[in-house]
Every structure is written in C-alpha cells, then in structure tokens.
Amino acid sequence: MTDSRKVVAIVGAGPAGLIAAQELSQYPSLDIHIFEQKPSVARKFLIAGRGGLNLTHSEAIPGFTEKYEENAGRFKYFLARFSPGDLINWANSLGIETFRGSSGRIFPNGLKATPLLRAWLKALDKENIHFHLKQSWQQINENNTLVFKDTEGTTMEFRVDAILYAMG
C-alpha cells in the first residue's frame with residue numbers, strides 16, 4: 001500500500017508559518033514540513049514579546065475597522081474570519097490566559113512570549129509537524145523540488161506537492 005499523503009513545505013518558521021502549519025495539520029492527508037534558516041523558530045516573535053507581547057485589542061470591530069478608511073471593508077472581512085476573540089481563544093487553547101490592559105490591549109498573563117511559543121510548539125509537535133532548522137531556501141526546481149543550503153554549505157533537495165512561503 002502506498003502513502004497517499006501530500007507533502008507540504010512551509011518556508012519560514014515565524015508566526016505566519018507556524019499558524020499555517022497548525023491550520024494545515026487539521027488535514028490528515030498532509031505531511032507538513034517547516035523550513036527555517038535560523039537555528040530556532042519565531043525569533044522576531046520572541047523579541048516582540050520583550051515589550052509585553054500585545055496580542056490584540058479589545059476594541060469593537062466596527063470602530064476599529066473604520067480607522068482604516070478605504071480598507072475598512074477588507075479588515076472587517078478578515079476580522080470576521082479570525083477575530084480578536086478567536087485569537088484569545090487560541091491562546092487559551094494552548095493553556096495561556098490573557099488579560100485586558102488599561103489601554104484596551106490584550107496581553108498574555110506574565111507579559112512574555114516564551115511560554116506562549118513553548119505551548120504552541122508543543123501543540124505543533126503533537127501534530128507531527130516536521131521542523132528543518134538552519135536551512136536557507138535557495139531555489140525551486142521545475143519538478144517542485146526545493147533546494148536548501150545549511151550553515152555548513154551542504155545542499156539538500158526536498159520534493160513537495162505544495163509550497164507556502166512565509167518568510168519575514
């Protein structure tokens with residue numbers, strides 16, 4: 001019996017790449033691989049967390065989206081699909097409680113990114129998502145083969161069925 005799973009490569013292990021992997025993990029027919037050129041994931045996320053990690057805002061969506069004038073409709077559409085409440089529920093599902101600050105901003109308890117990232121990576125590990133660190137994307141060949149180079153200069157080819165670029 002052959003494995004009919006499709007191989008998906010996500011290039012970039014920042015928040016966009018991680019959330020894409022988490023969403024795609026809902027499909028058991030996918031074998032998900034994340035490639036990152038750095039030695040660890042979500043480095044900028046951790047740096048942002050040094051200032052308290054403002055996750056979202058508690059302002060009502062209609063008032064919030066109006067601030068974006070000609071783009072209000074676009075923001076309203078996206079926030080209807082993934083609202084600030086959805087973000088809070090996502091953090092809570094990882095065991096991270098949040099609170100509303102006096103500014104209306106929503107923060108994780110403890111004001112740190114590290115516990116949230118650890119919980120997130122643990123959830124991704126349970127979904128059998130494969131991480132390939134220190135792999136710098138070089139090119140894609142015609143047959144959907146990605147070419148990476150590691151920090152020692154060794155190249156690796158990786159055949160995929162789909163590619164998602166989530167590079168910062």
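**How many helices and strands make up the secondary structure of the protein?**

Let's start with the basics. The secondary structure comes to six helices and 10 strands. Both are DSSP runs numbered from the N terminus, with helices being H or I over at least four residues and strands being E over at least two.

A word on the ground rules before going on. This is a predicted model, where local features need pLDDT of at least 70 and side-chain atom pairs count only at pLDDT 80 or more, while totals for chains, interfaces and linings use all residues. Residues are numbered from 1 along each chain as its sequence is written, and side-chain values use heavy atoms, with hydrogens and water left out.

**Exercise 1. Describe the protein as a whole: its box, its buried share and its surface.**

Step 1: the box. Taken along the principal axes, the C-alpha atoms fill roughly 50 × 35 × 35 Å.

Step 2: the buried share. Of the 168 residues, 36% count as buried. Buried means under 20% relative accessible area, exposed means over 50%, and partly exposed is in between (1.4 Å probe, protein chains only).

Step 3: the surface. The accessible surface comes to about 10,500 Å², and 51% of that belongs to carbon and sulfur atoms. Such areas come from the Shrake-Rupley method with a 1.4 Å probe; for residues, only the protein chains shown count as cover.

Step 4: the contacts. Take contacts between residues at least 6 apart in sequence: 58% of them join residues at least 24 apart. Contact here means heavy atoms within 4.5 Å.

**Exercise 2. Find which residues of helix 1 are buried, and say what covers them.**

Step 1: go to residues 15–24, which form helix 1. The buried ones there are Gly17, Leu18, Ala20, Ala21 and Gln22.

Step 2: look at the cover. It includes strand 1 (6–11), strand 2, helix 5 (84–93) and helix 6 (114–126). Strand 6 and strand 10 (162–165) are also among the covering elements.

**Exercise 3. Track down the salt bridges and describe the partners in each.**

Step 1: search the whole structure. Two salt bridges turn up. The rule is a side-chain nitrogen of Lys or Arg within 4 Å of a carboxyl oxygen of Asp or Glu.

Step 2: take Asp31 and Arg5. Their closest N and O atoms are 3.5 Å apart. This pair links distant parts of the chain, since Asp31 sits in strand 2 and Arg5 in the segment before strand 1, 26 residues apart. Asp31 is buried at 17% relative accessibility, while Arg5 is partly exposed at 35%.

Step 3: take Lys67 and Glu59. Here the closest N and O atoms are 2.9 Å apart. Lys67 is exposed at 55% relative accessibility, and Glu59 is partly exposed at 26%.

**Exercise 4. Work out what surrounds Asp150, a buried residue with no salt bridge.**

Step 1: place it. Asp150 lies in strand 8 (residues 145–150).

Step 2: look for an opposite charge. The nearest such side chain is Lys149, 8.4 Å away. For this search, Lys and Arg count as positive and Asp and Glu as negative; His and the chain ends are not counted.

Step 3: check the polar atoms. A polar atom of the Asp150 side chain lies 2.9 Å from the backbone nitrogen of Thr154.

Step 4: meet Thr154. This residue is in the loop between strand 8 and strand 9 (155–159), and it is partly exposed, with a relative accessible area of 47%. Setting aside neighbours within four places in sequence, Thr154 is in contact with Phe148 and Lys149.

Step 5: list the other contacts of Asp150. With neighbours within four places in sequence left aside, they are Lys134 and Gln135.

**Exercise 5. Compare the settings of Ala42 and Lys134, both with a positive phi.**

Step 1: recall the background. Most residues other than glycine have a negative phi.

Step 2: take Ala42. Its phi is near 55°, and Ala42 lies in the loop between strand 2 (30–35) and helix 2 (43–48). Ala42 is buried, with a relative accessible area of 4%.

Step 3: take Lys134. Its phi is near 60°, and Lys134 is in the loop between strand 6 (130–132) and strand 7 (135–140). At 40% relative accessibility, Lys134 is partly exposed.

Definitions and conventions
Polar contact = N/O pair within 3.5 Å; in protein donor to acceptor, adjacent residues only side chain to side chain.
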